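This report describes selected features of one protein model. Please look over the sequence and the structure before reading on.

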Amino acid sequence: MASEKDAALAPVPNDNPTIFDKIIKKEIPSTVVYEDEKVLAFRDINPQAPTHIVIIPKVKDGLTGLSKAEERHVEILGCLLYAAKVIAKQEGLEDGYRIVINDGPSGCQSVYHIHVHLLGGRQMNWPPG
């Protein structure tokens, strides 16, 4: 099985459908923990913490990564972070949690559909990696 680093170096960033698009369309099963009209959140299949949730916008709108954000994306970016706060409370992460957005190959982004990782349930370390 390829490492996350290998996976991040393999894809060519584009606006083609991703695995997340298939999850949104329910073509691939996932364990959904939160959903509203703009955001979908599900448990990561390769968790890096006891709680590891991926939060995605339901409509990509060219937002393959944070570096591709434009002014029109401000609202959805806020929705993603607010959803993270709501989910953290729902998951009982009162002692704290970490939010991660990987961007580009050097940032170890492996799926080119912007997404937020919510990690918690253990003591995080600094620097992160």
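## Helix H3

In this predicted model, helix H3 has a set of buried residues: Ile 76, Leu 77, Leu 80, Ala 83, Ala 84, Ile 87 and Ala 88. Around the helix axis these residues cover an arc of only 135°, so they sit on the same side of H3. An α-helix has 3.6 residues a turn, so residues three or four places apart point the same way. Exposed residues are found on the other side of H3, namely Val 74, Glu 75, Tyr 82 and Lys 89.

The buried residues of H3 pack against five strands: S1 (32-35), S2 (39-43), S3, S4 and S5. The length of the helix can also be checked. H3 has 17 residues, and at 1.5 Å a residue they should span 24 Å; the C-alpha atoms at its ends are 25 Å apart, which agrees. After H3 comes Gly 92, which has a positive phi, near 75°.

## Backbone exceptions

Most residues other than glycine have a negative phi, and most peptide bonds are trans. The residues below depart from one or the other of these patterns.

Asp 61 is not a glycine, yet its phi is positive, about 50°. Asp 61 is placed in the loop between strand S3 (51-57) and helix H3 (74-90). Its relative accessibility is 39%, so Asp 61 counts as partly exposed. Cys 108, also not a glycine, has a positive phi of about 70°. The loop that holds Cys 108 runs between S4 and S5. With a relative accessible area of 27%, Cys 108 is partly exposed too, because buried means under 20% and exposed means over 50%.

Which kind of peptide bond joins Trp 126 and Pro 127? The bond is cis, with omega at about 0°. Pro 127 belongs to the segment after strand S5 (116-120).

## A nonpolar surface patch

Leu 66, Leu 81, Tyr 97, Ile 99 and Ile 101 together make a nonpolar patch on the surface, with an area of about 390 Å². One of these residues, Ile 99, is found in strand S4 (residues 97-100). Ile 99 has a relative accessibility of 33%, so it counts as partly exposed.

Methods
Residues are numbered from 1 along each chain as its sequence is written. This is a predicted model: local features need pLDDT of at least 70, side-chain atom pairs count only at pLDDT 80 or more; totals for chains, interfaces and linings use all residues. Side-chain values use heavy atoms; hydrogens and water are left out. Patches are made of residues with over 30% relative accessible area and no salt bridge: like charges are joined within 9 Å, nonpolar side chains (Val, Leu, Ile, Met, Phe, Trp, Tyr) within 5 Å. Accessible areas come from the Shrake-Rupley method with a 1.4 Å probe; for residues, only the protein chains shown count as cover. A salt bridge is a side-chain nitrogen of Lys or Arg within 4 Å of a carboxyl oxygen of Asp or Glu. Helices (H or I, at least four residues) and strands (E, at least two) are DSSP runs, numbered from the N terminus. Buried means under 20% relative accessible area, exposed over 50%, partly exposed in between (1.4 Å probe, protein chains only). The expected span of a helix is 1.5 Å times one less than its number of residues. The arc is that of the directions from the helix axis to the C-beta atoms. Contact means heavy atoms within 4.5 Å.
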